[in-house]
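Colleague: Hey, got a minute to walk me through this one? I'd like to hear about the ligand and the hollow spots.

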Amino acid sequence: MSALKILVIPGSLRSGSLNAKLAAAAAHEFAQAGAEVTRISLSDFPLPIYDGDLQSKSGVPKHAVNLKRMMSAHHGVLIVTPEYNSSVPALVKNTIDWVSRVQDPHEIRGQVFRERGFAIAAASEGRLGGTRALAALRLILTACHASVIPNQLALSFASEAYDDMDRLKHPADCEALSAMVRQLIDFSQRMM
Ligand SMILES: Cc1cc2nc3c(=O)[nH]c(=O)nc-3n(C[C@H](O)[C@H](O)[C@H](O)COP(=O)(O)O)c2cc1C
């Protein structure tokens with residue numbers, strides 16, 4: 001059987017992003033568990049704000065098509081999102097909106113969401129750890145017909161959560177991360 005492939009997508013472009021750090025810690029955990037991991041930056045997939053006129057005139061932008069194909073090449077996807085005003089940042093929503101408009105030949109629209117497992121995580125400096133962004137993201141992905149695994153990670157007080165090697169330092173956070181990683185691997189293996 002070929003190796004299980006997991007795509008990790010941080011939902012922040014900011015240098016020093018707490019979510020990018022969590023994405024890196026998760027990618028490490030997936031690799032330790034034997035998965036083949038690709039961790040991307042959405043800065044490599046710049047997209048205009050979704051506009052139906054733009055899509056009618058020029059089609060879906062190539063970066064959305066490329067990102068959708070990258071997702072298709074993986075068995076599972078982890079999205080690590082910041083929380084902005086109790087929801088997901090525009091970057092994350094806009095990216096999902098565009099990807100959901102990609103339809104390759106012989107596919108139904110949104111097929112990429114239906115055929116693989118999704119996991120979600122968030123990091124925030126607050127006590128709730130981005131819980132509200134996770135609820136919003138779960139709803140958005142579910143609306144795209146994605147299967148989102150039950151285990152998720154809301155990393156609270158995230159600026160205090162890492163050691164000087166950018167590893168999670170609190171046992172409860174490490175356990176939540178590895179439970180999520182194990183569950184996405186199990187789920188994705190069943191969908192292979
Ligand atoms: C516009 C904006 C809104 C924010 N709203 C929230 C919020 O509702 N809840 C929260 O926990 N943090 C909120 N924050 C703080 C972010 O969680 C914090 O900046 C975090 O570090 C962003 O993620 P990043 O480090 O991965 O870039 C907000 C930040 C910005 C810029």
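Modeller: Sure, we'll go through the ligand, then the cavity, then the pockets, and keep in mind that this is a predicted model.

Colleague: Okay, ligand to begin with. How many residues surround the ligand, and which are the closest?

Modeller: There are 13 residues around the ligand, and the closest are S12, R14, S17, E83 and S124.

Colleague: What kinds of residues are in that shell, by class?

Modeller: The shell around the ligand has six polar, four charged and three nonpolar residues.

Colleague: And what about R14 and S17, how far are their side chains from an oxygen atom of the ligand?

Modeller: For R14, a side-chain N or O atom is 2.7 Å from an oxygen atom of the ligand. For S17, the distance from a side-chain N or O atom to a ligand oxygen is 2.5 Å. L18 joins in with its backbone: one of its N or O atoms there lies 2.9 Å from an oxygen atom of the ligand.

Colleague: How much of the ligand does the protein cover?

Modeller: On its own, the ligand has 620 Å² of accessible area, and the protein covers 70% of that.

Colleague: Switching topic: how many cavities of 30 Å³ or more does the structure hold?

Modeller: Just one. Its volume is about 90 Å³.

Colleague: Which residues line that largest cavity?

Modeller: The lining is made up of I9, L42, L67, M71, I79, V92, T95, I96 and F113. Two elements give two or more residues to it, α3 (62-72) and α4 (90-99). The most comes from α4, with three residues.

Colleague: And by class, what does the lining of that cavity look like?

Modeller: Eight are nonpolar, one is polar and none are charged.

Colleague: Now the pockets. What's the volume of the largest one, and which element gives the largest share of its lining?

Modeller: The largest pocket has a volume of about 190 Å³. α1 supplies the largest share of the lining, five residues. Both α1 (18-32) and α7 (171-191) supply at least two residues each. Among the lining residues are K21, H28, D166 and L177.

Colleague: What's the class mix there?

Modeller: The largest pocket is lined by six nonpolar, one polar and four charged residues.

Colleague: And the second largest pocket, what lines that?

Modeller: Its volume is about 160 Å³. The lining includes S12, R14, S17, E83 and S124, and those five are also the closest residues to the ligand. L18 is in that lining as well.

Note on methods. Residues numbered from 1 in each chain as written. Predicted model: local features only at pLDDT ≥ 70, side-chain atom pairs only at ≥ 80, totals over all residues. Heavy atoms only, no water. Near = heavy atom within 4 Å. Polar contact = N/O pair within 3.5 Å; in protein donor to acceptor, adjacent residues only side chain to side chain. Areas by Shrake-Rupley, 256 points an atom, 1.4 Å probe, with all protein chains shown as cover. Nonpolar A, V, L, I, M, F, W, Y, C, P; charged D, E, K, R; others polar. 1 Å grid on protein atoms, 1.4 Å probe; cavity = no way out; pocket = protein on both sides within 12 Å on 5 of 7 lines; lining within 4 Å. Points joined across faces, edges and corners; volume = space filled by probe spheres on them. Helix = DSSP H or I, 4+ residues; strand = E, 2+ residues; numbered from the N terminus.
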